[in-house]
Amino acid sequence: MKFYKLMVLGVLLYSSHLQADPVVKINLRLKAQIVESPCVVASQSQNMRVNLGTWATKNMKELGDRTRAMPFSIHLLDCNTNSVKVSFAGPKDSTNSNYLALDASSGAKNVAIEILDKNRDLLSMGDYAPVENLKNMKTAKIDFFANYIATRANVTAGKANSSATFVLTFD
């Protein structure tokens, strides 16, 4: 009899716990669309190197001094989309988060890298360049520029390398 009472008591306690209201309710809705690849990045745009040149520190004495902008392009093939947006991801400069920071192995100081869109307007790290219309185009070439910029006065000499990843968003 003791065992029976203990079992009934356990069932009652356990069943009330199962029917208790949850502390937090979360509604989760997932929405996605599976599509064919909108474009293929051409081999010349994969693992691309952009040579920004060799520059004398005497040309970068003041905050905001820039080197000449060097062109580079992202080439897309087999496109079947209306448009594409491009942004760049990479380490942000500590003095100005709009710029790409130099990597840790670089010896140059007080300098960062500016990435510019095709109109030579600053493309802040993480921001999208103006939309490129690809309607009825199977291939595309998206133009950009990059240059060094002094983030403080008196840039010091040394290697000035960095790396970034471009991000493509299709419509």
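Here are four short exercises, each with a worked solution, on a predicted model.

**Exercise 1.** Find S45 and work out whether it is buried or exposed.

*Solution.* Start with the place in the chain: S45 sits in the loop that links β1 (40–41) and β2 (70–77). Next, look at the relative accessible area, which is 2% for S45. The cut-off for "buried" is under 20%. So S45 counts as buried, because its 2% falls under that cut-off.

**Exercise 2.** Now work out which residues S45 touches, leaving out those up to four places away in sequence, and which backbone atom its side chain reaches.

*Solution.* Go through the contacts first. You should end up with S73, I74, H75 and F166. Then zoom in on H75: the S45 side chain gets to the backbone nitrogen of this residue, at 2.7 Å. A polar contact needs N or O atoms within 3.5 Å, and 2.7 Å fits that distance limit.

**Exercise 3.** Explore the largest nonpolar core: which residues touch the most other members, and which strand gives the most to it?

*Solution.* Take the whole core first, which has 29 residues. The ones touching the most other members are L76, F88, L102, V111, I113, F144 and Y148. Now sort by strand: at least two core residues come from each of β2, β3 (83–89), β4 (111–116) and β6 (140–150). The top supplier is β6, with six residues. To finish, pick Y148 and check its surroundings, skipping neighbours within four places in sequence. Its contacts include L102, V111 and I113, and among the others are W55, D65, R66 and A160.

**Exercise 4.** Describe the two biggest pockets: how much space lies in the largest pocket and in the second largest pocket, and what lines them?

*Solution.* Begin with the idea behind the search: rolling a probe the size of a water molecule over the atoms shows where empty space is left. For the largest pocket, that space comes to about 990 Å³. Its lining has 36 residues, and V50, L52, I113, N161 and S162 are the closest to the centre. Strands giving two or more lining residues are β2, β4, β6 and β7 (165–170), with β4 giving the most, three residues. Sorted by class, you get 21 nonpolar, 13 polar and two charged residues.

Then do the second largest pocket, with about 200 Å³ of space. Here 14 residues form the lining, and D93, A108, K109, N110 and V111 are the closest to the centre. The class count for this lining is five nonpolar, five polar and four charged residues.

Conventions:
Residues are numbered from 1 along each chain as its sequence is written. This is a predicted model: local features need pLDDT of at least 70, side-chain atom pairs count only at pLDDT 80 or more; totals for chains, interfaces and linings use all residues. Side-chain values use heavy atoms; hydrogens and water are left out. Helices (H or I, at least four residues) and strands (E, at least two) are DSSP runs, numbered from the N terminus. Buried means under 20% relative accessible area, exposed over 50%, partly exposed in between (1.4 Å probe, protein chains only). A polar contact is a pair of N or O atoms within 3.5 Å; within protein, one must be able to donate a hydrogen and the other to accept it, and residues adjacent in sequence count only if both atoms are side-chain atoms. Contact means heavy atoms within 4.5 Å. A nonpolar core is a set of buried Ala, Val, Leu, Ile, Met, Phe, Trp, Tyr and Cys residues joined through side-chain atoms within 4.5 Å. On a 1 Å grid over the protein atoms alone, a cavity is a set of points where a 1.4 Å probe fits but cannot get out, and a pocket is an open set with protein on both sides within 12 Å along at least five of seven lines; lining residues have an atom within 4 Å of a point. Grid points are joined across faces, edges and corners, and a volume is the space filled by probe spheres set on the points. Ala, Val, Leu, Ile, Met, Phe, Trp, Tyr, Cys and Pro count as nonpolar, Asp, Glu, Lys and Arg as charged, and the others, Gly among them, as polar.
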